[in-house]
Amino acid sequence: MFKPPLPLRAETPAPWAEAALRDPEGLLSDHAHCEKKAALSALSLLHAFPGDARATTLLARLAEEELNHFRRVLEAMARFGWALRPDRGNAYAQGLLEIMDRDRKGRKDAEPLLDRLLIASLIEARSCERLHLLEQAATEHAQLDDAEWLAFLFELERCEAGHALGYRSLAEDRFGARMAPRLDWWLDREAELIQGLPWRSAVH
Ligand SMILES: [Fe+2]
Ligand SMILES: [Fe+2]
């Protein structure tokens, strides 16, 4: 049975994948932008770890993998005859950042780096959960029931699981025992947020 890399508290209902696959071109286009932003986000986190060889190497590998996913989603789209559309933004990632900003106001003990690492870990874990659902549903979809594409989806799902655990381990290495209670807090916030967002042809 599929188990997401973090104990997510709101399971995505299986019919979500059907809704997301209504516009597969839009879905892949949105996902391409997500992979690009994931690469940029890994690179921007490098600034927080000067002199930390393990963290730097892990983030460099993460950025490299996300950039590789970005290129391959673009190539898959070209193979299907689809074009990259303008970025529609991501209400889910934006929502998590807004929660962080709201919570941080007026607090002296706020730890923005801990929050950024945990948000990255949650986004990866949710992506992994939903890529798994898409992989199940894609076999019912004439154009996406393609061995090469399904193998790529499976690879993405496994990679994003590794990224979720990688970000969580960076948070644990830097923040020690403060990581787990904050992750517990974030798991509730993430569940509230994802359940309130409308379904669209996007992973989030
Ligand atoms: Fe990725
Ligand atoms: Fe990822």
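Student: What makes Trp185 count as partly exposed, rather than as buried or exposed?

Tutor: The relative accessible area of Trp185 is 24%; buried means under 20%, exposed over 50%, and partly exposed in between, with a 1.4 Å probe and protein chains only, so Trp185 belongs to the middle class. This is a predicted model, in which local features need pLDDT of at least 70 and side-chain atom pairs count only at pLDDT 80 or more, while totals for chains, interfaces and linings use all residues. Residues are numbered from 1 along each chain as its sequence is written, chains are lettered from A and ligands numbered from 1 in the order in which they are written, and side-chain values use heavy atoms, with hydrogens and water left out.

Student: Is Trp186 buried or exposed, and how do you know?

Tutor: Trp186 has a relative accessible area of 0%, so it is buried.

Student: How many aromatic pairs does the structure hold, and why is the pair of Trp149 and Phe152 called edge-to-face?

Tutor: There are four aromatic pairs. The ring centres of Trp149 and Phe152 are 5.7 Å apart and their planes stand at 65°; rings of Phe, Tyr and Trp (its six-membered ring) pair if their centres lie within 6.5 Å, and planes under 30 degrees apart count as stacked, over 60 as edge-to-face and the rest as tilted, so both values meet the cut-offs for an edge-to-face pair. Trp149 and Phe152 are both in helix α6, three residues apart, about one turn of the helix, and both are buried. Trp185 and Trp186 also make an edge-to-face pair, with 5.0 Å from centre to centre and 80° between the planes.

Student: Which residues do ring pairs link into a cluster?

Tutor: The cluster is made up of Phe80, Trp82, Trp149 and Phe152.

Student: How do you know which protein atoms are donors of the iron ion (ligand 2)?

Tutor: Donors are N, O and S atoms within 2.8 Å of the metal (3.2 Å for Na, K and Ca), and water is not among the atoms, so sites may look incomplete. The protein donors of the iron ion (ligand 2) lie 2.0 to 2.5 Å from it and belong to Glu66 (OE), Glu124 (OE), Glu124 (OE), Glu160 (OE) and His163 (ND1), with the spacing E-x57-E-x35-E-x2-H along the chain. Glu66 coordinates both this iron ion and the iron ion (ligand 1), the two ions being 3.5 Å apart. Glu66, in helix α3 (residues 53-80), and Glu160, in helix α6, are 94 residues apart, so that the pair links distant parts of the chain.

Student: What makes Glu66 and Glu160 buried?

Tutor: The relative accessible area of Glu66 is 1% and that of Glu160 is 2%, so the limit for buried residues is met by Glu66 and by Glu160.

Student: What makes α5 largely enclosed by the rest of the structure, and how does its span agree with the expected one?

Tutor: Of the 27 residues of α5, 23 are buried, so the helix is largely enclosed by the rest of the structure. The expected span of a helix is 1.5 Å times one less than its number of residues, which gives 39 Å for α5, and its end C-alpha atoms are 38 Å apart, in agreement with that. Helices (H or I, at least four residues) and strands (E, at least two) are DSSP runs, numbered from the N terminus.

Student: What makes a space a cavity rather than a pocket, and how many cavities of 30 Å³ or more are found?

Tutor: On a 1 Å grid over the protein atoms alone, a cavity is a set of points where a 1.4 Å probe fits but cannot get out, whereas a pocket is an open set with protein on both sides within 12 Å along at least five of seven lines, and lining residues have an atom within 4 Å of a point. The search finds two cavities of 30 Å³ or more, and the largest holds about 70 Å³ of space. Among the residues lining the largest cavity are His31, Leu131 and Trp149, and its lining has 11 nonpolar residues, one polar and no charged. The second largest cavity has a volume of about 40 Å³.

Student: Which helix gives the most to the lining of the largest pocket?

Tutor: That helix is α2, with eight residues, in a pocket of about 570 Å³ that is lined by 24 residues.

How values were computed: Grid points are joined across faces, edges and corners, and a volume is the space filled by probe spheres set on the points. Ala, Val, Leu, Ile, Met, Phe, Trp, Tyr, Cys and Pro count as nonpolar, Asp, Glu, Lys and Arg as charged, and the others, Gly among them, as polar.
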